[in-house]
Number of protein chains: 2
Amino acid sequence: MSALYFEDFTVGRRFESASLAITEAEIVEFARRYDPQPFHLDAETAARTPYGGLIASGLHTLTLTFRLFLETGALAASSLGSPGLDEIRWLLPVRPGDTMRVVVEVAAARPSSSKSDRGIATLRYQAFNQHGQTVLTMTGHQLLRRRP
Amino acid sequence: MSALYFEDFTVGRRFESASLAITEAEIVEFARRYDPQPFHLDAETAARTPYGGLIASGLHTLTLTFRLFLETGALAASSLGSPGLDEIRWLLPVRPGDTMRVVVEVAAARPSSSKSDRGIATLRYQAFNQHGQTVLTMTGHQLLRRRP
């Protein structure tokens with residue numbers, strides 16, 4: 001992808017990620033470090049919870065969603081970080097062996113009122129599993145350099 | 001902490017976490033895996049960005065905020081996961097050597113309308129650095145078992 005700047009984040013523009021398979025080992029490792037709850041840590045214990053088996057931490061699927069978007073290269077030239085995220089919704093569990101892919105659409109974009117070198121894009125994220133079901137949605141706010 | 005259930009999450013109840021120091025190695029490791037942007041990956045490159053040095057990924061500080069809350073034990077007996085998060089705001093960067101601690105307050109709580117074994121608590125999270133400055137705020141929705 002060629003270098004993109006704030007001006008390239010036009011409303012309606014979409015970015016589609018590659019696919020990523022999620023392994024049981026990764027789910028357990030993330031959970032041990034960041035979200036050690038029974039339904040994320042161990043398949044046997046998880047089988048006795050209402051989820052009926054191991055599911056990835058939502059914080060894990062959230063970070064993978066962002067990484068899949070990053071890997072499109074959309075932010076490589078111009079990202080100045082993010083002030084926040086809104087309306088993260090975990091709609092379906094992600095289980096070992098599932099595959100995730102992400103579509104991000106520009107919902108809004110405005111120049112910064114205080115700093116002339118940047119703008120802010122509002123990005124609507126959707127993450128899908130291998131069946132095309134939506135597993136996560138969220139809205140991100142992204143600071144982006146203007147074209148030099 | 002004794003086992004807490006939905007009924008124990010009364011509006012205004014507060015939970016205070018322990019403190020956690022953040023190392024440069026952890027910041028870089030998280031960034032390599034989940035958020036490989038220049039200001040999270042490498043101190044030298046980060047020094048040339050507007051942040052003036054290495055800062056932790058917001059996704060990293062978000063996961064640490066949740067982990068610090070988990071480690072209070074508040075959710076140990078009754079967590080059934082979360083349908084989502086709202087209004088995550090990264091207010092100040094977290095840098096190598098900084099320390100985080102978290103205060104969570106119950107903002108609302110209601111029984112589930114569809115499942116009689118559980119309720120939903122709305123939790124307001126604040127994460128502070130070692131200077132008492134707020135670095136992150138967010139609102140979480142937590143499914144909790146009712147007392148058996």
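How far should the 13 residues of α4(A) span at 1.5 Å a residue, and how far apart are its end C-alpha atoms? Let me answer that at once, and then use this helix as a way into the rest of the structure, which I should say from the beginning is a predicted model. At 1.5 Å a residue, the 13 residues of α4(A) should span 18 Å, and because the end C-alpha atoms are 18 Å apart, the expected and the computed values agree.

Now that we have the helix in view, we can ask about its surroundings. α4(A) is mostly covered, since 11 of its 13 residues are buried, and among these buried residues are A:Gly58, A:Leu59, A:His60, A:Phe66, A:Leu68 and A:Phe69. Please keep A:Phe69 in mind, as we meet this residue again in the largest nonpolar core, which has 78 residues and in which A:Phe69, A:Met100, B:Phe69 and B:Met100 are the ones with the most contacts. To give you a feeling for one of these four, consider B:Met100: when its neighbours within four places in sequence are left aside, B:Met100 is in contact with residues that include B:Leu20, B:Ile22, B:Leu64, B:Leu68, B:Val94 and B:Val135.

Let me step back to chain A as a whole. Chain A contains four helices and six strands, and if you read from the N terminus on, the order of its elements is β-β-α-α-α-α-β-β-β-β. Along its principal axes the C-alpha trace of this chain spans about 55 × 30 × 20 Å, and of its 148 residues, 39% count as buried. If we take the contacts in chain A between residues at least 6 apart in sequence, then 71% of them join residues at least 24 apart.

The strands come next, and I will follow them from one partner to another. Strand β5 (residues 118-128) of chain A pairs with β6(A) in the antiparallel sense, over 11 bridges, and within this pairing A:Ile120 stands opposite A:Leu143. The two strands β5(A) and β6(A) form a hairpin with five residues between them, and in its turn A:Gly132 has a positive phi of about 80°. Strand β6 (residues 134-145) of chain A also pairs with β3(A), again antiparallel, this time over five bridges, and here the bridge partner of A:Trp90 in β6(A) is A:Leu136.

From β3(A) we can cross into the other chain. Four bridges join β3(A) to strand β3 (residues 84-90) of chain B, and these two strands run antiparallel; to name one pair, A:Ile88 has B:Leu85 as its bridge partner in β3(B). Looking at the contacts between the chains in full, 25 residues of chain A are in contact with 25 residues of chain B. On the side of chain A that touches chain B, the elements that give two or more residues are α4 (58-70) and β3 (84-90) of chain A, so the helix of my opening question returns here. By class, this side of chain A has 13 nonpolar, seven polar and five charged residues.

How are the two chains related to each other in space? A rotation of 180°, with 0.0 Å of shift along its axis, superposes chain A on chain B with an RMSD of 0.0 Å, and the two copies are therefore related as by a two-fold rotation axis. The same surface serves both copies, in that 100% of the contact residues of chain A recur in chain B. Of the residues of chain A, the one that comes closest to the rotation axis is A:Asp86, at 2.5 Å, taken at its C-alpha.

One backbone detail in β3 deserves a careful look. Most residues other than glycine have a negative phi. A:Glu87, however, has a positive phi of about 50° although it is not a glycine, and its place is in strand β3 of chain A. Is A:Glu87 exposed or partly exposed? With 15 other C-beta atoms within 10 Å, A:Glu87 is partly exposed, because a residue counts as exposed at 12 or fewer and as buried at 20 or more. In chain B, B:Glu87 likewise has a positive phi of about 50°, and this residue lies in strand β3 of chain B.

I will finish with B:Arg95, which is placed in the loop between β3 and β4 (99-111) of chain B. B:Arg95 is partly exposed, with 18 other C-beta atoms within 10 Å, and beyond its neighbours within four places in sequence it is in contact with B:Gly53, B:Leu54 and B:Ile55.

Notes:
Residues are numbered from 1 along each chain as its sequence is written. Chains are lettered from A and ligands numbered from 1 in the order in which they are written. This is a predicted model: local features need pLDDT of at least 70, side-chain atom pairs count only at pLDDT 80 or more; totals for chains, interfaces and linings use all residues. Two residues are in contact if their C-beta atoms, placed from the backbone, lie within 7 Å. Ala, Val, Leu, Ile, Met, Phe, Trp, Tyr, Cys and Pro count as nonpolar, Asp, Glu, Lys and Arg as charged, and the others, Gly among them, as polar. Two strands pair if DSSP finds at least two bridges between them. Copies are superposed by least squares on the C-alpha atoms of residues with pLDDT of at least 70 in both. The expected span of a helix is 1.5 Å times one less than its number of residues. A nonpolar core is a set of buried Ala, Val, Leu, Ile, Met, Phe, Trp, Tyr and Cys residues joined through C-beta atoms within 7 Å.
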